[in-house]
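Okay, thanks for making time, everyone. I'll put the structure up and then talk through the parts I'd like you to look at.

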Amino acid sequence: MAGRRAGVADLRGPGFLNSDPTELKVALAQEARALGFDCIGITAPGTIESAGKHFLEFIASGGHGDMDWLAASPERRVDPRGLWADVRSVIMLGVNYGPDSDPLAILKQRTRAAISVYAQGDDYHDLVKKRLKALARWLVATAPSEVKVFVDTAAVMEKPLAQAAHLGWQGKHTNLVSREFGSWLFLGAIYTTLELPRDDAEIDHCGSCQACLDICPTAAFPAPYKLDARRCISYLTIENKGPIPQEFRKAIGNRIYGCDDCLAACPWNKFAQEGREAKLAARDELRAPGLAELSRLDDAAFRALFTKSPVKRIGRDRFLRNVLIAIGNSGEVALADEARRLLDDASPLVRGAAVWALGQLLLPNDLEEARAARPSERDESVCEEWRAVSQA
Ligand code: B12
């Protein structure tokens, strides 16, 4: 997932033991597993040249949409040495977050909300960062070195680096796929000044399969291994700040935060669950929350429900926008009352989405009545939504 918080922690330690690099690598892997990481690999900083080129092409094509932070300072991202000149080895780590039930089943429950698997529990940034810092502390205490730890938010190309470190390969959906954990891995990185023994890069095992491309509800993949983020439901519901473009609203269904379809379709997932217990716990109240209840959240209630959750990051108004799109797609006329109430919300983003939802649920006369009752609407984006539903 994407984000902008500073993702760097500097850790320096005196070190008290000079280990043989191979022994050190074995001990490091043991420590990583003891701390809760499911896989670990090591690569050199200069191993992702072609990924760097692809990244620049992606940015040039505008595929990043409004994620300006992704386009900023590409020299830092395309080569780890651009971020930190002293880095000698990159330690890549993965945490399995495989779901304990079919994540696509909720898509059929149209009056309930689908929150993507990664966001149903506590924020993985905090969890992975805590483990990375603990491992980094162990490393500097064991071998004199400097380290920096990253998860998600820094200018680090985590997927190509993970492939170079043998954790898996970048699949056709662009995420890292692991033979052991399928598409359900969070990634984190430790950059270090130590020269450590490297792993060989993993090779692509997607073969002729294109299940992830076929299942995408918004056709977000212009070609295998390429994502147009502007069409991706994850981007549309999380990163996109404005109204959701008309053309994607129906396809979004009841997905109110992120999307798991391309991950869930991956056949390699069947290995993810076997014999593993270390999944990340989903909160029961976030597995299938009712759209009606979610639509009633004010700012304080939103913050309370999503304490420690990544969902909190998008704020109540964007969240309600998403909930209203799902209400519009629910086919449940009883939910029109919730949307009608939100026509008077303080946020134009919410009011505009409420108009669209009512447009899906009400007959033209009832819609006109709702509009006539609000002659004072002045916000241009909301007026535009009214014009669009009237013409539909
Ligand atoms: C920006 C971002 C997003 C954006 C853009 C996604 C994307 N694919 O880039 C959005 C908001 C859409 C997003 C969504 C999701 N994200 Co996100 N996101 C990131 C972030 C911050 C940067 C990724 C990046 O650099 N994108 C830029 C583009 C250029 O990279 P790319 O798509 O990988 O492009 C490659 C391919 O196109 C390929 N390529 C291009 N042309 C060609 C041609 C050939 C022949 C080949 C072989 C390859 C190839 O090369 C490019 C470079 O590697 C990373 C964290 C990080 N710092 O790395 C997390 C990260 C990728 N996200 C993650 C997750 C979990 C998700 C979601 C699953 C969340 C959800 N459930 O909604 C979805 C998945 C959507 C998808 N199919 O990608 C995880 C993925 C873990 C994994 N196992 O891979 C990461 C690594 C965060 C983490 N620390 O765990 N994310």
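**Helix H18 and its buried side**

Let's start with H18, whose buried residues are Val382, Cys383, Glu385, Trp386 and Val389. Those residues span an arc of only 155 degrees around the axis, which puts them on the same side of H18. And just so it's said early: this is a predicted model.

The helix itself runs over residues 380–391, so twelve residues, and from its first C-alpha to its last it reaches 16 Å, close to the 16 Å expected at 1.5 Å a residue. What sits over that buried side? The cover for the buried residues of H18 includes helix H10 (246–252), helix H16 (348–361) and helix H17 (364–372).

**Two domains and a core**

Okay, zooming out. The domain assignment splits the protein into domain 1 (8–289) and domain 2 (290–392). Taken over C-alpha atoms, the centres of the two domains are 33 Å apart. As for the contacts between them, 32 residues of domain 1 meet 28 residues of domain 2.

Now the largest nonpolar core, which has 113 residues; the members that touch the most others are Met92, Ile190, Tyr191, Ile256, Phe319 and Leu324. Domain 1 and domain 2 each supply at least three residues to this core.

Let me pick Tyr191 out of that group. Which residues is Tyr191 in contact with, leaving aside its neighbours within four places in sequence? Among them are Pro80, Leu83, Trp84, Val87, Ser89 and Val90. Then there's another batch, including Glu146, Val147, Lys148, Phe150, Val156 and Leu161.

**Rings**

Next, the aromatics. How many aromatic pairs does the structure hold? Eleven. One of them is Tyr118 with Tyr124, an edge-to-face pair at 5.8 Å centre to centre, with 80 degrees between the planes. Both Tyr118 and Tyr124 are buried.

Put that beside Trp268 and Phe271: here the centres are 5.8 Å apart and the planes are 45 degrees from each other, and the pair is tilted. Trp268 is partly exposed, at a relative accessible area of 21%, and Phe271 is partly exposed too, at 33%.

Back to the tyrosines for a second. Tyr118 and Tyr124 belong to a cluster linked by ring pairs, along with Tyr97, Trp184, Phe186 and Tyr257.

Tyr124 also takes us to helix H6, residues 124–142, and is one of the buried residues there. Others on that buried list include His125, Val128, Lys129, Leu132, Leu135 and Ala136. Further along you also find Trp138, Leu139, Val140 and Thr142. On length, H6 has 19 residues that should span 27 Å at 1.5 Å a residue, and its end C-alpha atoms are 27 Å apart, which agrees.

**Some loop residues**

Last part: loops. Pro310 sits in the loop between helix H13 (299–305) and helix H14 (315–328). Is Pro310 buried or exposed? Its relative accessibility is 3%, so Pro310 counts as buried. Not counting residues up to four places away in sequence, Pro310 touches Tyr118, Ala119, Gly121, Asp122, Asp123 and Tyr257. You've heard two of those names already, since Tyr118 and Tyr257 are in the ring cluster.

Carry on past H14 and you get to Asn329, in the loop between H14 and helix H15 (336–341). With 12% relative accessibility, Asn329 counts as buried. Setting aside neighbours within four places in sequence, Asn329 contacts Arg110, Arg249, Lys250, Ile252, Gly253 and Trp356.

Then two residues to check for their backbone angles. Most residues other than glycine have a negative phi. Ser73 has a positive phi of about 45 degrees, although it is not a glycine. You'll find Ser73 in the loop between helix H3 (68–71) and helix H4 (74–77), and with a relative accessible area of 33% it is partly exposed.

The other one is Asp152, not a glycine either, with a positive phi near 70 degrees. Asp152 is in the loop between strand E5 (145–150) and helix H7 (158–164). Where Ser73 is partly exposed, Asp152 counts as buried, at 12% relative accessibility.

That's what I had, so let's go back to the picture and take questions.

How values were computed: Residues numbered from 1 in each chain as written. Predicted model: local features only at pLDDT ≥ 70, side-chain atom pairs only at ≥ 80, totals over all residues. Heavy atoms only, no water. Helix = DSSP H or I, 4+ residues; strand = E, 2+ residues; numbered from the N terminus. Expected span 1.5 Å × (residues − 1). Buried < 20%, exposed > 50% of the residue type's maximum accessible area, 1.4 Å probe, protein only. Arc of directions from axis to C-beta. Contact = heavy atoms within 4.5 Å. Core = buried A, V, L, I, M, F, W, Y, C linked by side-chain atoms within 4.5 Å. Domains from an automatic or database assignment. Phe/Tyr/Trp six-rings, centres within 6.5 Å; stacked < 30°, edge-to-face > 60°.
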